[in-house]
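Trainee: Got a minute to walk through a structure with me? I'd like to start with how we talk about burial.

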Amino acid sequence: MLRSFVVVLLINSQFAAVAQPGTEILLFDLKVEHDSIWVESGRNITNRQGYDNQPFFHPDEPLLFFVSADHRGQTDIFNHNYKTGLQTQVTRTADKEYSPTVTPDRQHISCIIQRENGAQDLGRYPVAGGEAEILINDLIVGYHAWIDQDQLALFVLPQPFRLYVSNLTKRTDTVRAEDIGRSLNRIPGTNAISFVQKMGDNAMVKELSGQTGKISVLTKSISTAEHDMAWTPDGKMIMSEGNKLFYWSRNGGDHRWTEIPFATDRPSQSISRIAISPNGRLIALVINE
């Protein structure tokens, strides 16, 4: 949905022109057996000074996309082949890219594109290489998740951060909620998106139906967490709190948050972002350096 004008807002931009904190991406094996879940065999796949963040697994290929910043703070998209260990730079542009996401057609990488003037567009690059196609440029988009081929869930600035549903075919944008967290995730096996919404002193994990637009409560979020989360294929939601991981089961169980043990050394730094491979066998964790 190419828009006719650009909104410029420098002060409230989530990716303001300041140095990004140094972060690393750790890749662990994720083990799930019935109601037992643990992680093991962690390895640092970035292992350098600087900002490496926002991992996203390709749905079909052994690739983990992420964003990396150079010494100037310029961010581009890279991928890590977790079978070969080879890393490849995907974009090399004058703009800054964030939040790489494989589109439902598997032919593009959608991302936030931050301009020098502070605007934050949503665009997509062909996987095979090429120029970006701009999808949305009249909203300040911070994060996004694809509901289906036509619909996107958007985290939109400024505060109060709003959840929008954007329909690219119908060219419509609809506000669905306010005071939301940054983590938007497609729930496996559904066309629904999970998000966290502040409710008074609490934060609730909610589900947005991509078909009806109905919002329902899943569970109370971990109170002191940043509310970053990811889903396993069998319906377990994983969330971090400090350097610990917890899970909540959507399908059966007693619906309590349960700590996930590390069979090998636990990260010493706080976990800020999480991604889980489509087959549920790998989990990527972002930690501070």
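Mentor: Sure. Buried means under 20% relative accessible area, exposed means over 50%, and partly exposed is in between. Keep in mind that this is a predicted model.

Trainee: Okay, try it on Ala 192. Buried or exposed?

Mentor: Buried. Its relative accessible area is 2%, and the cut-off for buried is under 20%.

Trainee: Which strand is Ala 192 in?

Mentor: Strand S16, residues 192-199.

Trainee: What is Ala 192 in contact with, leaving aside its neighbours within four places in sequence?

Mentor: Two stretches of chain show up. One has Asn 185, Arg 186 and Ile 187. The other has Glu 207, Leu 208, Ser 209 and Gly 210.

Trainee: And how are the C-alpha atoms of Ala 192 and Leu 139 separated?

Mentor: By 22 Å, with their positions 53 residues apart along the chain.

Trainee: Let's zoom out. How many helices and strands?

Mentor: The protein has 0 helices and 24 strands. The radius of gyration is 18 Å, close to the 19 Å from the globule rule for 289 residues, so the protein is as compact as a globular protein of that length.

Trainee: What does the C-alpha trace span?

Mentor: About 50 × 40 × 35 Å along the principal axes.

Trainee: How much of the protein counts as buried?

Mentor: 53% of the 289 residues. The accessible surface comes to about 13300 Å², and carbon and sulfur atoms hold 46% of that.

Trainee: What about contacts between residues 24 or more positions apart?

Mentor: They account for 42% of the contacts with a separation of 6 or more.

Trainee: Switching to charges. How many positive and negative?

Mentor: There are 28 positive and 33 negative charges. Their mean positions are 3 Å apart.

Trainee: Why would charged side chains pair at all?

Mentor: Side chains of opposite charge can pair when their charged atoms come close.

Trainee: How many salt bridges in the whole structure?

Mentor: A search finds 13. Take Asp 228 and Arg 182: their closest N and O atoms are 2.7 Å apart.

Trainee: Where do Asp 228 and Arg 182 lie?

Mentor: Both sit in loops. Asp 228 is between strand S18 (215-220) and strand S19 (229-231), and Arg 182 is between S14 and strand S15 (185-186). The two are 46 residues apart in sequence, so the salt bridge ties together separate parts of the chain.

Trainee: How exposed are the two partners?

Mentor: Asp 228 is buried at 5% relative accessible area. Arg 182 is partly exposed at 23%.

Trainee: Which residues are joined into one network by shared partners?

Mentor: Asp 95, Arg 115 and Asp 121. Within that network, Asp 121 and Arg 115 have their closest N and O atoms 3.0 Å apart. Asp 121 is buried, at 4% relative accessibility. Arg 115 is partly exposed, at 23%.

Trainee: And Glu 178? What does it form a salt bridge with?

Mentor: Arg 162, with the closest N and O atoms 3.1 Å apart. This pair joins two strands: Glu 178 is in strand S14 (residues 172-178) and Arg 162 in strand S13 (residues 162-167), 16 residues apart. Glu 178 is partly exposed at 35%. Arg 162 is partly exposed too, at 26%.

Trainee: New topic: the backbone. What's the usual picture for phi and peptide bonds?

Mentor: Most residues other than glycine have a negative phi, and most peptide bonds are trans.

Trainee: So where should I look for exceptions?

Mentor: Start with the loop between strand S12 (151-157) and S13, where Pro 158 lies. The peptide bond from Leu 157 to Pro 158 is cis, with omega near 0 degrees. Pro 160 also lies in the loop between S12 and S13. The peptide bond from Gln 159 to Pro 160 is cis as well.

Trainee: And phi? What is it at Ser 41?

Mentor: Positive, about 55 degrees, although Ser 41 is not a glycine. Ser 41 is in strand S2, residues 36-44. It is partly exposed, with a relative accessible area of 33%.

Trainee: What about Asp 179? Where is its place?

Mentor: In the loop between S14 and S15. Asp 179 has a positive phi of about 55 degrees and is not a glycine. At 38% relative accessibility, Asp 179 is partly exposed.

Note on methods
Residues are numbered from 1 along each chain as its sequence is written. This is a predicted model: local features need pLDDT of at least 70, side-chain atom pairs count only at pLDDT 80 or more; totals for chains, interfaces and linings use all residues. Side-chain values use heavy atoms; hydrogens and water are left out. Helices (H or I, at least four residues) and strands (E, at least two) are DSSP runs, numbered from the N terminus. The radius of gyration is taken over C-alpha atoms; the globule rule is 2.2 Å times the number of residues to the power 0.38. Buried means under 20% relative accessible area, exposed over 50%, partly exposed in between (1.4 Å probe, protein chains only). Contact means heavy atoms within 4.5 Å. Accessible areas come from the Shrake-Rupley method with a 1.4 Å probe; for residues, only the protein chains shown count as cover. Lys and Arg count as positive and Asp and Glu as negative; His and the chain ends are not counted. The place of a charge is taken as NZ of Lys, CZ of Arg, CG of Asp or CD of Glu. A salt bridge is a side-chain nitrogen of Lys or Arg within 4 Å of a carboxyl oxygen of Asp or Glu.
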